Amino acid sequence: MQLFCLFIMEKLNKGGTTEARPFVLYWMRGLFVFHKGSFVKIVVFKRNYLRLIGAEVRDSCGSSGTGETPQAFTPRRLTARPAESEHLEGKSTTTHYLVNSNKVCESSLHKMAENSKEKGAGIMKKIAFIGAGSMAEAIISGLVTQQVIEPENIFVTNKSNDDRFVYLKDQYGVTATRSLQLLVKDADLVVLAVKPKDILETMQSIKEYIREEMLFISVVAGVHTTSLEGIANKRFSIVRAMPNTSAAVGKSATALAANCHTKDSQLQTAITLFETVGTVAVVEETQLDAVTGLSGSGPAYIYYLVEALEKSAEKIGLDSETAKQLILQTLMGAADMLQKSPKTPAVLRKEVTSPGGTTEAGLKALQAHQVEDAFIACVQEATEQSKRMGNQISKELAKYVVSQ
Ligand SMILES: NC(=O)C1=CN([C@@H]2O[C@H](COP(=O)(O)OP(=O)(O)OC[C@H]3O[C@@H](n4cnc5c(N)ncnc54)[C@H](O)[C@@H]3O)[C@@H](O)[C@H]2O)C=CC1
Ligand SMILES: O=C(O)[C@@H]1CCC=N1
């Protein structure tokens, strides 16, 4: 089984570049903690750095983003929690208490949390969340847990769910309001966390409150910064973020991309914010579709693998509880090996594979079913879908901008 984990890691890496390894590894670890439920912790693995992959991006500044946007001169790093689908109706799937179970990382974690607090204390006086769902709650939980900002200075709004307001107030002590003026007034940072389908309506309702000096963070999949600027009909600092649901356990692998109006200090604020819920990589905006296909959607691929392993365990006669425990520990062990060992996934895989042994027989079955190709196609298709969604929304917004 451990071998299968290494195999998946190898295949997912093949869909991108070797630079994707820390990213893949980080979300795998996040999944395991999320899956295990009771062993929850916040870990800010700042050593997981990603390098910028040079990419051309057109922005509202009318120029290529390469070398001009703040990310071009900022160290690229991995650092990064989910919450309200409307169906949750006030309830939450987010784990609220974050306990550090990793002794090795303890001192550096505390140091980093202190750094985040220090940075946050100076930069974040008021944060407004538009959308009070899974992603918003995940981030709020990280900020409150790490005492980056006083909870009452976190303002949230949603479309119509009052139970959700009560829940968030009780759980985190945040200020919930439907007054957009109160929400955004004096906010240094606005986090847009609505579904892509609600973007037009949301931006229309808040555009009059957007000020040039404010930092706007969008976690909305696929929606380009130029589309957000276009609909607001003004130029302002926007950082797009692509976290994943492992943010719920402080283990998101988040990627950020800033538009050309974003100051370096504002990008640092965004990094600090997402470091409270995991790791952060700074990329060009054009890379966000790939990030979405790899690590944004990534948790689902691993859950799918676990479902398949659970089915296989049943077929070979193991009881489900024993199988669950074996699968989870094998996943966690493989993730730890990948993180702590200098060996590549391929070398680690070979170490499990005795010539003529069981592993070799199992791997042959995977190859016969073209599992490698399937994983590569999976990540590529998810990436293409992110592009398609983004382009479709850009077109819809363009129609709106022209006709308004
Ligand atoms: N679920 C995931 O794994 C990930 C999701 N994302 C992105 O995060 C965003 C939010 O996702 P979730 O939190 O899962 O969604 P959700 O459905 O849980 O929450 C959406 C929130 O937006 C609010 N909303 C809708 N229209 C509004 C309006 N006009 N004004 C104010 N609030 C409004 C809803 O009331 C709700 O509170 C999406 O754009 C998604 O692409 C990004 C990364 C991963
Ligand atoms: O499936 C989706 O579209 C969103 C974006 C990344 C994860 N979930």
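Helix α8 covers residues 225-232, and its buried residues are T225, S227, L228, E229 and I231. Here, buried means that 20 or more other C-beta atoms, placed from the backbone, lie within 10 Å of the residue's own, while helices are DSSP runs of H or I with at least four residues, numbered from the N terminus. Right after α8 comes N233, with a positive phi near 60°. All this comes from a predicted model, where local features need pLDDT of at least 70, side-chain atom pairs count only at pLDDT 80 or more, and totals for chains, interfaces and linings use all residues. Residues are numbered from 1 along each chain as its sequence is written, and chains are lettered from A and ligands numbered from 1 in the order in which they are written.

Now for the packing. The largest nonpolar core (buried Ala, Val, Leu, Ile, Met, Phe, Trp, Tyr and Cys residues joined through C-beta atoms within 7 Å) has 76 residues. Among those with the most contacts inside this core are F129, I217, L256 and A270. Setting aside neighbours within four places in sequence, A270 is in contact (C-beta atoms within 7 Å) with L215, I217, V239, A241 and L256. A second, separate core has 6 residues, including L309 and I327.

As for the ligands, 31 residues are around ligand 1 (C-beta atom within 6 Å), and G131, G133, N158, K159 and A221 come nearest. Helices α4 (134-145) and α7 (199-206) each supply at least two residues of that shell. Ligand 2 is surrounded by A221, T292, G296 and S297.

Conventions: A residue is buried if 20 or more other C-beta atoms lie within 10 Å of its own, exposed if 12 or fewer, and partly exposed in between; C-beta atoms are placed from the backbone. Two residues are in contact if their C-beta atoms, placed from the backbone, lie within 7 Å.
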